[in-house]
Every structure is written in C-alpha cells, then in structure tokens.
Amino acid sequence: MAVDDVFFLPVYVGYLVVLGFGGLLAVITAGLVHLVSSVDGKTQATAEGFSTADRNVKTGLMASVLVSQWTWAATILQSTSVAYLYGISGSFWYAAGATVQVLLFGIVAISVKRKAPNAHTFPEIIKARFGTNLAHKVFLGFAFLTNLLVTQMLLLGGAAAVHQFTGMHVWAAAALIPVGVIIYTMMGGLRAAFLAAYMNTAFVFVLLLVITFTLYLTDNVLGGPSGIYDRLAAVTAHTPVIGNAGGSYLTMASLEGGFFGIINIVVNFGTVFVDQSYWQSAIASKPSAAVKAFLLGGLVWFAIPFTLATSLGLAGVALGLELPEYKVRQGIVGPLVVELLLGKAGALGFLLMLFMAVVSTGAAECMAVSSLITFDIFRSYIRPEASPTATLLVIRGSIVGYGVFSSLLALVLVHFGFSLGYVYMLTGILIGSAVIPISMLVLWGKMSEIASVVGAIVGMLLGIAAWLLTAGVMYGEVTLETTAHNEPFLAGNLTSIVSGGLICLIVSLVRPDNFDFSLMRDSIALVEDKHHHHDGHHDDVMVDEEDEDGEKVHLLYDQKNKNKNKKMTESVDDEAELEAAVAAASEEDNDEMLKKALKVSIIGGSVLASVLVIAWPAPLVLSGYVFSKTFFYGWVTLSLTWGVVAGTIIIILPWWESRDTLAKVFNKFTKTA
C-alpha cells in the first residue's frame, strides 16, 4: 500500500490543538495549583516552593512525573518507526534501552537526598564540592546543552507530528507549541509542571489502552494477533528484513535492532543523568518516596513503547504500508496506522496524546533551565545574597526567556533540515561523556575536579571524532546523510560514554580527591535561609554536649562563625532541649531510612536493569529464535497486561496518596456551597 502526502485532519485542528488545547491546559493547571496551594495554606509563591515543589512530592505523583518527563514525541513516534523497520526487536530495545537509566538514577536520587538535601541543581552540587572553578562552568555548559537538545527534540518531533496530522506549517507549530507551556509553568512553577505531567500520563495511558485493545481485539481488518502473525509471515516471505534471523519481523535476533539498542542505551544515559530535570525531580521528591518513584516510574514507562510501538509498528508492516525510510524516520508510521484503523477520531486522540507528551516534558525542561540560570548564574556569580523575591523573579523571567529562545532555535534547525531522529542519535555523542563524572558527583569522594573535567571534554571530542571518522571510512565522505547511519552513530556514542568514564576513573586514581560529603550539607543553603542568615537570623542552633564534669549542657552553635556560645538554657527540662533532642533523633532516623533506601535502589535498580537488557533478551537473541504463533500470543498478552497494570497504578496511586488533600478540597467546596 503506497502512501501519499495526505493530511488526516483539517489545518484548523492543528491550531486548535496547539493554541486552544494548550491554553486550556494552562488554565486547568494554574487553577489546580491555586486550589491545592490554598488548601495547604501556601497561597504565596516562594522561590523554594516554586523551584522544588517544597521537596515533598509523594511516590505516585513523582512516578507519573517521571513517566511524563520521559514520554517525548520520540517515545511514541520513533519507537513505532523502529518496530516497523526492525520488527519486534526495535520496540523492545527502545523500551528496555530507555528504562534502565530511570531505574538506576534512583541510586543518584537517594544519594542527593543524603548528601545534598538543600540542593536545587546538580551544578550547584559541583560548586559545593569544587567551588566556582572550571568544573562548575564546564558542567553548567553540559547541563544547558542537554536541556537544549532535549527541548529541540520535543519541538522538532511535536511540530513534525502536528504538520503530518493537519498540514499546519511546521514553522508555525514549532513557534506556537511553547506558548501554553510558558504560561502555566511561569504561573505555577514546578508544582504546575508536575500536575500537568500527571494529566499527560493519565491521558497517554487511556489512549494507549484504547488503541492497542482496538487493534488486537476488535479490529476486523487485521484479524487480531493471529491475523497479524499470518500477515507478517507473508511479508517476510517476499520482503525479508536484512540482518534479522530468518528475515523475520518476529525475532529478537536483529543486527540493526541490536545496533539501535546500544545507541539507545547510551543516548538515554545522557538524557537522564545529564538532564537537570531528573535531578530536579529527585530533589522535589519526599526522601521516603525517591527510590520507589524512580523504580515504579521506570517500569510504568516501559509499557508505553513496549505496548504501543509493538502493536502500531507491526500493524504498519501487516497492513502492507510502503514508506520510504526518510518518511519512516519522520515518525509517520504510528499516525498513519491509527488513522487507517480508528479514523478521524483516532487521529485526533493520537495527536492530543503527542501534544500532551511534548508540552509536559517541555515544562520540565523550562523549569530545569530556569533553575540553572537562577542558582548557578544569578546566585553564584551576580547576586549571591539575592532576596527570595528577586530570586523568584529571575526564575519566572528565565522560563519566559528560555521558551522564546527554544522556539527560535527550533525554526533554525527546521530550516537547515535537521530531523528528530538525527538530533536524537547525535545527543549521546555530545553529552554521553559527562554521564560518569556527573554520576560520581554524589557517589565517589575520590573523584577529582581535573578528572571530571578532562573526562567530560576529551570524551566528547573523541566521540565526535569516532562518529565522523567512521562515516568517512565506511561511506567515503562526511555529509548529513552519511553521518546519519547507525554504524557512525554507534561508534560515536560508545566512544563518548566509555572514554569519558575511563578518563575520569584513571585520572582520579592517579590524582585522587578525598572529599568529605558531610561538608555539602552546610555549604548549600535554602534561598530563604541564606537570606535570613544575611540578616542575622537563624545563625544559632541548639546543640547538646557534656561539660568537664560530665553534666549535659546546651550550647548555642553559631553556624555562620562556626563557634559555640556558652549562654546556656537554664533547665535541662526546657522546651528548647526537648526540640533539639527530637530533631537529633529525627535526623538519625532519617539517615538510617536513607541508607536502607540506598540499598534498595542499588539492588532493585541493578536487578531490574539486568533483567531488561540481559536476562530477558539474551536467550532470544543468542538462539536466533523466530516467534511461533503461540509465543507471539504470549508476547502480545504480556504487553497488554503490562499496559493495563501500569496504567491503573499510575492513574490511581497519586489520587490515593493525595486523599487527605482531596478531602480538604471537598470540604472547602461544601462549606462554600
């Protein structure tokens, strides 16, 4: 079936979705933020609350935020494309190759909670460790580069999708998509971004389940799993997949699928570990929720490409779609299959799902960049003692500025012909070298400043060199076309992450640091606290010690000047002593809880990651097994079950955890009525 350039929906629908739906989302999100804040008694925005959501986000909401942050246009479009190109291995490697990073980032998240509980950004942690020296500036550059690349992938993918669906000019889409994002993020901050993320996640899963169940269980065109299997077998007979076992679409033994899987793993280590938005999520979560949120978020996100891309990508092959590869790379397979099977209503739903994915992740990126500008430029180099009001103003101004800048940059990339797929594969080469140095920031005290900087910069340069050299050697020239093949991207991505990590490790062993992580707690202050210290308040805290006779005494410890003032409280039974004792016990309990959580994150993350990328696929790859019809039935059943369970948990859990707040909201409304 040849496919012409036909738009599924009228052009005005594109403008309605981008401006109308975007505006509606902004109004709803801002309203919810105001409602929840008024119930919690926090109607006045503070710099801390705006940028960290008061560091009190629970497991369910945080998991849905992570799912939303990780659900890009590429998650839906490119995962379907690689399933169409390589078969069942494409969608599996997209899912597994981008899940392990979220699972493993839980280790970093809990380490941040233990060692830098007051942090706002990861470059701020670098500053606390190495000072405002070269390392802070270098990794701040990597942070901005990562956010820019991710944002551009969102806008390029989102604009291309809106254009493919409606014919809306891709320039107009790229320019207008950020409008709603800027409005609700500027008004409500990280809490608004999180609420929008929850709505996005719920919406994505509802549509995902509708589409996949319709395709497998009620669609008469394809004949369900049995019909799809027979059609795929027929396609394989006359058009086998080069590099796949038996030329089949139904095998994990795929050479190109494997290449893609490795590239995908490297790229996504960069876009998680070097993306400030994930550090911001770790910082915003409750200490008790951080590990559970990242483990749950990773497993729930896996369902989106695994369930949706497997069904849509294989359905595209089974329908006999004949698409040139450049069209496939643009992400047209998923939209086309949905429109053919579900009609205009399905196409509109799919477009809304894509739009929600783009704007909610875009909000997270806006918040990430505004935090970097505020805490790592403004409060580090311009006005370190800025008031909370001035700080909040800079955060909001940065959101607007970055949103506008992103739109303009997207227009430039569109003009020069860069696609979502190209930027996606390039990202790991540019930022992969920084993954290990940044991870070690809160994990390894022996990493030295020079090791982290040299590893990140030299690793990136070696990755670029390997990418271009491979393209030149294999294809005889270095052009936009030759550098877009899997082999050059594979060489560049692997060289970047491996060389960056090895250089960091070796230099640190030769010239080790010996950093005391306890120093981080005191060197990063909350915005309001720092301002109060400047005013002469909150410098003294109560501590208990024993005097020369072994009697317990109470000292006022001056945090600013690091000395103890023996103006004692008069009674060992007074309220101040009780509060100090409770606080000390609470801190000790909290540290024990965090130590246990760290063990859970290391064991849980490592085991789950090993299952997804080794234990599960390895036997299927090494054996060259081609799925039987029974095995394919089992695979489809597993994907649908995973989708149902993941969707149910991620939609219901945040409501259950927020039942007390919801009850307060209900009581407020009933009293008003």
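Me: Which residues do ring pairs link into a cluster together with F92 and W93?
Reply: Good place to start! This is a predicted model, and the count of aromatic pairs in it comes to 31. Ring pairs join F92 and W93 into a cluster with F302, F306, W616, Y625, F627, F631, W635 and W642.

Me: How many helices and strands does the chain have?
Reply: Let's look at the whole chain before zooming in. It has 673 residues, and 56% of them count as buried. Its secondary structure comes to 27 helices and 3 strands.

Me: What share of the contacts with a separation of 6 or more comes from residues 24 or more positions apart?
Reply: Here is an example of partners that lie apart in sequence: I76 and A357 are separated by 281 residues, yet their C-alpha atoms are 8.9 Å apart in space. Across the chain, for contacts with a separation of 6 or more, residues 24 or more positions apart account for 82%.

Me: Is I76 buried or exposed?
Reply: I76 sits in helix 4, which covers residues 73–86. Leaving out neighbours within four places in sequence, I76 is in contact with T71, L308, F350, M353, L354 and A357. Its relative accessible area is 0%, and since buried means under 20%, I76 is buried.

Me: Which helix gives the largest share of the largest nonpolar core?
Reply: That core has 197 residues, and those with the most contacts inside it are F105, I125, F139 and F350. The largest share of the core is 22 residues, and it comes from helix 16 (residues 333–382).

Me: How are helix 7 and helix 8 oriented to each other, roughly parallel or roughly antiparallel?
Reply: Helix 7 spans residues 122–130 and helix 8 spans residues 134–166; their axes come within 9 Å and cross at roughly 170°. The contact is made by F122, P123, I126, K127 and F130 of helix 7 and by A135, H136, F139, L140 and A143 of helix 8. Angles over 145 degrees count as roughly antiparallel, so helix 7 and helix 8 are roughly antiparallel.

Me: Which residues is F139 in contact with, leaving aside neighbours within four places in sequence?
Reply: We have just met F139 on the helix 8 side of the contact with helix 7. Three of its partners, F122, P123 and I126, also appear on the helix 7 side of that contact. The full list for F139 is F122, P123, I126, A434, P437, I438, S452, V453 and A456.

Me: What is the relative accessible area of S452?
Reply: S452 has its place in helix 20. Leaving aside neighbours within four places in sequence, it is in contact with F130, A135, F139, P437, M447 and C504. S452 is buried, and its relative accessible area is 1%.

Me: Does Y475 count as buried, partly exposed or exposed, and what is its relative accessibility?
Reply: Y475 is also found in helix 20, which runs over residues 449–475. Setting aside neighbours within four places in sequence, Y475 is in contact with T482, H485, E487 and P488. Buried means under 20% and exposed over 50%, so Y475 counts as partly exposed, at 31%.

Me: Which residues does T236 touch, not counting those up to four places away in sequence?
Reply: T236 is found in helix 11 (residues 224–238). At 13% relative accessibility, T236 counts as buried. The residues it touches are G246, G247, S248 and Y249.

How values were computed: Residues are numbered from 1 along each chain as its sequence is written. This is a predicted model: local features need pLDDT of at least 70, side-chain atom pairs count only at pLDDT 80 or more; totals for chains, interfaces and linings use all residues. Side-chain values use heavy atoms; hydrogens and water are left out. A nonpolar core is a set of buried Ala, Val, Leu, Ile, Met, Phe, Trp, Tyr and Cys residues joined through side-chain atoms within 4.5 Å. Buried means under 20% relative accessible area, exposed over 50%, partly exposed in between (1.4 Å probe, protein chains only). Helices (H or I, at least four residues) and strands (E, at least two) are DSSP runs, numbered from the N terminus. Contact means heavy atoms within 4.5 Å. Rings of Phe, Tyr and Trp (its six-membered ring) pair if their centres lie within 6.5 Å; planes under 30 degrees apart count as stacked, over 60 as edge-to-face and the rest as tilted. Axes are lines fitted to C-alpha atoms, for helices over the stretch in contact, and angles run from 0 to 180 degrees between N-to-C directions. Angles under 35 degrees count as roughly parallel, over 145 as roughly antiparallel, 65 to 115 as roughly perpendicular and the rest as oblique.
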